[in-house]
Amino acid sequence: MKAVSFAAYGGPEVLVWGELDDPRPGPGQVLVTVAAASLNPVDLKIRSGALKRFFPLTLPAIPGRDGAGVVAALGPGVSAPLVGTAVCFLTNGCHAERLVLAADKAVPLPPGADLTVAAALPLAGLSAWACLDGLTAGQRVLIHGGAGGVGSLAVQLARQRGARVTATCSAANRDFVLGLGAERVIAYDREDFVTECQGFDVVMDTIGGEVHRRSYEVLRPGGLLVRLNALPVEDLSAARGVVGKLATVSDDPAALAALVGLMAAGSVVPSVQQVLPMSRIAEAHRLAERGHARGKTVLVPDR
Ligand SMILES: NC(=O)c1ccc[n+]([C@@H]2O[C@H](COP(=O)([O-])OP(=O)(O)OC[C@H]3O[C@@H](n4cnc5c(N)ncnc54)[C@H](OP(=O)(O)O)[C@@H]3O)[C@@H](O)[C@H]2O)c1
């Protein structure tokens, strides 16, 4: 099969699209023909070596953390009639024509699902899901990075739960984020979110650093500041009288199945900004390094 791989940590130039051995499903696994896979910021951090302490890899390695495709074969011990089923998944090695994964981690998609859109759901969707766990109708939530892969799904998920959503993004993405269901957008390159709004029940931080430090100022007493791993932060929650939490993103298939249901209902749908062939992986990483995503970049195996 063909796949993206890298044999050394470094810049986007270490990524190559070439021939590798076909994977074979082991006990309890399925073989999937990948239709599409998404590009996530973590792919850039893994490729650069920035995360090698947390994601130790045997090189060469195939990158890519999520995608969608069709089950092509079953490993020993898998009896479910899955061959031919369209699925999405959170697993390693997705930037390839084929992959194997545990059968119970392949989450079925509804008939007719757009696999390019479904490929963009798992990691970003489960990250939004983990952050907004416990959010209830009527709560006021501020979502930082509302135009990004995670933020654009979080805005929709928070709206679906009946929360009142304010989001930050650049002015260029204002209409996009309003279209996702935010009732108010603060353009971080034109306005200061701290002087613009106060009293949130929840702040969801996908940025970290200075954005995180200043976010304490816009929470009500006892509010929740939930974050993803992004720029380094100092947790000041105890001193500020709020709850601080690092979201734990899991590969729970039940949570992913729930997100698939919301996608099928049209309430939480990934916005695909661009689709590129996997052979253009280095270019995709360079574009992503600019840091101004509007939704998701999706990669498809070259035909
Ligand atoms: N397990 C975890 O902890 C976990 C899971 C998933 C993601 N993450 C991390 O979370 C971060 C976001 O992920 P992602 O997939 O959403 O990234 P992304 O798709 O690249 O989006 C990043 C967004 O950040 C926005 N942004 C940049 N500076 C900003 C600022 N000062 N205020 C508000 N928005 C700002 C950009 O908006 P504009 O284009 O409008 O400028 C862009 O849309 C990444 O660092 C990723 O690695 C961590």
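Let me start with a term: partly exposed means a relative accessible area between the buried limit, under 20%, and the exposed one, over 50%. Glu210 has 46%, so Glu210 is partly exposed. Keep in mind that this is a predicted model.

Now the salt bridges. The structure has ten. I'll take three.

Start with Glu210, since we have just met that residue. Its side chain forms a salt bridge with Arg213, at 2.6 Å, N to O. Both residues sit in helix 7, three residues apart, so about one helical turn separates them. Arg213 comes in at 38% relative accessibility, so Arg213 is partly exposed too.

Stay with helix 7, residues 209–215, for the next pair. Arg214 lies in that helix. The side chains of Arg214 and Asp192 meet in a salt bridge, again N to O, at 2.6 Å. Asp192 is in the loop between strand 10 (184–187) and helix 6 (193–196). The two residues are 22 apart, and the pair links distant parts of the chain. Asp192 has 25% relative accessibility, which makes Asp192 partly exposed.

Last pair: Lys105 and Asp251. What is the N to O distance in their salt bridge? It is 3.1 Å. Lys105 lies in the loop between strand 6 (98–102) and strand 7 (107–108), and Asp251 in the loop between strand 13 (243–246) and helix 9 (253–264), so the bridge ties together parts 146 residues apart in sequence. Buried or exposed, or in between? Lys105 is partly exposed at 25%. Asp251, at 36%, is partly exposed as well.

Key:
Residues numbered from 1 in each chain as written. Predicted model: local features only at pLDDT ≥ 70, side-chain atom pairs only at ≥ 80, totals over all residues. Heavy atoms only, no water. Salt bridge = Lys/Arg side-chain N within 4 Å of Asp/Glu carboxyl O. Helix = DSSP H or I, 4+ residues; strand = E, 2+ residues; numbered from the N terminus. Buried < 20%, exposed > 50% of the residue type's maximum accessible area, 1.4 Å probe, protein only.
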